[in-house]
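User: I would like the labels used for this model justified one by one. Please set each value against its cut-off.

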Amino acid sequence: MRFVDDKGRLFGTVNLFDLLVILLIFALIGGAAYKFIYLDNKVALSESDITVTLWIEDVRKVTVDTINVGDVVREYDSNLLFGTIVDKEVKPHYEEVETSDGRVVNAKVDGKYDVYITLKCRGIVSDNAISIASKEVKIGGEIILKHKLYAVSTRAVKIITE
């Protein structure tokens, strides 16, 4: 007796193609069960207070004057609440400039400023990420914030979880 006969049946009783389809269906059901039963058994995460310092680079005086302590800002894309500004520090903006003798120096740019804002936020802190307003926040990562009067592109420079 042969393993597969002339009609493609396994041991003369089961069609080989039908057996492969049945095995594929069982594999899909088993994979879905594993995903939903074992991988979703994670500890529920709760919100916590997060303090984030963001750097707004190379803005004009009008933008500096419009950003105020107490402003409630939202994440640009999702429009979700990001946090409240609790501190603002303004510094002159510097750029690298090549001098006539070929050296590269940092020179102050007139009329341009760097703003450091500190925000109090509520977010989720997990083993893998810190999320505020459904946005992962990482040092150096870009975050676009908006207020009813302005929208600014920022970079995170300090994150403190409490």
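User: What makes Cys 121, Arg 122, Ile 160, Thr 161 and Glu 162 residues that Asp 49 touches?
Analyst: Contact means heavy atoms within 4.5 Å, and Asp 49 touches these five residues: Cys 121, Arg 122, Ile 160, Thr 161 and Glu 162, with residues up to four places away in sequence not counted. This is a predicted model, in which local features need pLDDT of at least 70 and side-chain atom pairs pLDDT 80 or more, while totals for chains, interfaces and linings use all residues. Residues are numbered from 1 along each chain as its sequence is written, and side-chain values use heavy atoms, leaving out hydrogens and water.

User: What joins the side chains of Asp 49 and Arg 122?
Analyst: A polar contact of 2.9 Å joins them. The term requires a pair of N or O atoms within 3.5 Å, and within protein one must be able to donate a hydrogen and the other to accept it; residues adjacent in sequence count only if both atoms are side-chain atoms. Asp 49 and Arg 122 are 73 residues apart in sequence, with C-alpha atoms 4.9 Å apart.

User: Why is Asp 49 called partly exposed?
Analyst: Buried means under 20% relative accessible area, exposed over 50%, and partly exposed in between (1.4 Å probe, protein chains only). Asp 49 has 32%, so it is partly exposed.

User: Why does Ala 133 count as buried, and why does Ser 134 count as exposed?
Analyst: Ala 133 has 11% relative accessibility, so it counts as buried. Ser 134 has 62%, so it counts as exposed.

User: What is phi of Ala 133, and what is phi of Ser 134?
Analyst: Phi is near 55° for Ala 133, a positive value in a residue other than glycine. For Ser 134, also not glycine, phi is positive, near 60°.
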